[in-house]
Every structure is written in C-alpha cells, then in structure tokens.
Amino acid sequence: MMKGRILLLEDDESLRRGICFKLEKEGYEVLSCAGIQEGMRLWNNSEIDLVICDITLEDGSGLDFCREIRRISNVRFMFLTAMDQEIDIVMGYEAGADDYVVKPFSLAVLISKIHAVFARMDVKEEKIESGKVCVHKTEMKVMVSGEERSLTKNEWKLLLLFISHPRQVFSKGQLLEQMFDMDGEFADENTVAVNIRRLREKIEPDPSKPEYIKNIRGIGYLWDKECTGN
C-alpha cells in the first residue's frame with residue numbers, strides 16, 4: 001500500500017535518483033523533477049502529500065516555488081539544501097517551509113524525518129476524495145484540482161454533508177437543519193439555494209452544468225459522484 005505521494009525538486013540528478021529509489025523502497029510514490037516549471041506541472045496534475053525542494057534549482061529559487069505553493073496550499077513542505085547559514089534557514093521558514101535538511105545528509109535521517117511527517121498526518125488527517133475535489137475534514141480544507149478553495153461556514157457544512165453521503169438526496173428541509181447555527185441564527189430556503197449556487201461556483205468546472213451537486217427537481221439535491229476516504 002502506498003504510504004503517500006511526495007513531490008521532489010532537486011537539480012542534482014544522481015542525488016534525485018538516489019532519494020527516489022530509497023523513498024520508493026519505503027513505500028512512497030515519488031514525482032521528481034529538476035526545476036520549478038516542471039514542479040508546478042506535476043503539482044497541478046497530482047494530489048501531493050509532501051514537497052521536498054532544493055533551494056537552488058535549474059530554473060530559479062526553491063524559495064519562490066515554496067511561496068507560490070503556500071499561496072494555494074498548506075501541504076507539508078521540506079527544504080533540502082547545501083545552504084546552511086542562519087539567514088538561509090530563516091528565509092526558508094519565512095517562505096513557508098515546515099522543515100529544513102542541510103546537505104550533506106544521511107538518507108536514513110531524511111527518511112526518518114519523512115516517516116515522522118506522515119505519522120503526524122495519519123494521526124490527524126481525515127479526507128474524502130471525489131473526482132477532482134479533495135476534502136480534508138480535520139483541517140477544514142477543500143482542494144479542487146490541487147488548488148485550495150475558501151468556503152464560508154455554511155458552504156463547508158453543505159459540502160461535508162454531501163460528500164459524506166454521495167448520491168443521497170437531501171431535501172431543502174434537511175439542508176436547513178444542517179445549516180442551523182447553534183447561536184440561534186438559521187437559514188431559510190432561499191439561503192440554501194444561494195449557498196448551493198456559491199458552492200457550485202467554487203467547486204464545479206462549469207457551474208452552469210454541475211457535475212457534483214445535482215438538483216433533483218421538486219425533491220432536493222444530491223452529490224452525484226463516487227467518494228473515497230473517511
């Protein structure tokens with residue numbers, strides 16, 4: 001069973017191959033490249049659990065890549081670099097890194113750090129995937145095609161209900177109950193329709209032709225795609 005998917009950006013080909021070989025033997029899937037442009041292509045086409053990135057890449061700075069990823073995602077991010085001065089480490093963390101490994105390093109130490117990252121993820125991470133939508137329940141985070149989408153509280157409640165019960169029809173009354181706020185504020189049927197429309201705009205490829213949230217005329221709504229996860 002695959003332990004997780006890692007994106008590795010490293011411009012030293014021999015080192016990149018060595019890391020990939022070791023990680024794959026440990027049960028991880030590794031997508032690797034030498035530069036930012038290819039790294040972004042791999043990121044956009046895959047659901048990544050951990051990024052390991054050199055600071056000096058063939059077509060730019062890993063710091064810039066990290067900042068771009070942080071603009072759209074909270075994925076775990078580890079720098080792997082020969083730069084060991086304090087200012088370099090500070091800049092790495094300020095760019096959004098979670099950890100920092102300085103070359104030369106032991107592959108055993110790197111693997112140990114990666115195991116620890118995924119162990120922490122396993123403890124707290126619950127996610128459901130459906131098509132290009134990935135809902136991270138514990139973190140209350142929604143990714144669509146690898147890009148994080150910002151939802152309101154009511155949009156989140158609706159999405160979680162739908163994706164936890166795929167292909168189950170919910171009436172407007174049931175959706176109203178789901179959106180009920182414990183502080184005494186609650187929604188009416190028009191609010192349900194508005195939130196459905198806004199949620200579609202954030203997750204549907206074409207909101208005018210919904211693929212995920214379908215309207216069952218006169219009955220209610222359902223999530224019309226298979227879901228996997230917990």
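A good place to start is the database record: UniProt, in an unreviewed entry, lists residues 5-118 as "domain: Response regulatory". The coordinates you are looking at are a predicted model, so please read everything below with that in mind. Over residues 5-118 the chain is 48% helix and 25% strand. If you trace this stretch from one end to the other, you will find its end C-alpha atoms 10 Å apart.

Now step back to the whole protein chain. It has eight helices and 14 strands, and its C-alpha trace spans about 65 × 35 × 30 Å along the principal axes. The chain is divided into domain 1, residues 5-122, and domain 2, residues 127-223. Between the C-alpha centres of domain 1 and domain 2 there is a distance of 33 Å. Where the two parts meet, nine residues of domain 1 are in contact with 11 residues of domain 2.

Some overall numbers help to fill in the picture. Of the 230 residues in the protein chain, 44% count as buried. Among contacts with a separation of 6 or more, 58% come from residues 24 or more positions apart. The surface that the protein chain exposes amounts to about 12,100 Å², and carbon and sulfur atoms supply 49% of that area. As for charge, there are 32 positive and 41 negative charges, and their mean positions lie 5 Å apart.

Let us zoom in on domain 1, at the loop between strand E7 (99-102) and helix H5 (107-124), where Pro-104 is found. Which form does the peptide bond from Lys-103 to Pro-104 take, cis or trans? The bond is cis, with omega near -5°. Phe-105 sits in the loop between E7 and H5 as well. Leaving out residues up to four places away in sequence, Phe-105 touches Leu-15, Ile-19, Leu-80 and Leu-110. To get a sense of distance, compare Phe-105 with Glu-147: they are 42 residues apart in sequence, and their C-alpha atoms are 32 Å apart in space.

Next, move along to strand E10 (141-144), which holds Lys-141. Is the lysine at position 141 buried or exposed? Lys-141 counts as buried because its relative accessibility is 5%, and the cut-off for buried is under 20%. Its contacts, setting aside neighbours within four places in sequence, are Asn-74, Val-75, Cys-134, Val-135, His-136, Glu-148 and Trp-156. When you click on this residue in the viewer, those are the partners to look for.

Just after strand E10 comes the loop that leads to strand E11 (147-149), and Ser-145 is found there. Although Ser-145 is not a glycine, its phi is positive, at about 55°. With a relative accessible area of 36%, Ser-145 is partly exposed.

A second residue with a backbone of this kind is Arg-167, which is not a glycine and has a positive phi near 65°. Where does Arg-167 lie? Look in the loop between helix H6 (153-164) and helix H7 (172-179). Arg-167 counts as partly exposed because its relative accessible area is 44%, which falls between the 20% and 50% limits.

Methods
Residues numbered from 1 in each chain as written. Predicted model: local features only at pLDDT ≥ 70, side-chain atom pairs only at ≥ 80, totals over all residues. Heavy atoms only, no water. Helix = DSSP H or I, 4+ residues; strand = E, 2+ residues; numbered from the N terminus. Buried < 20%, exposed > 50% of the residue type's maximum accessible area, 1.4 Å probe, protein only. Contact = heavy atoms within 4.5 Å. Areas by Shrake-Rupley, 256 points an atom, 1.4 Å probe, with all protein chains shown as cover. Lys, Arg positive; Asp, Glu negative; His and termini not counted. Charge placed at Lys NZ, Arg CZ, Asp CG, Glu CD. UniProt positions renumbered as here; feature names shortened; annotations may be inferred. Domains from an automatic or database assignment.
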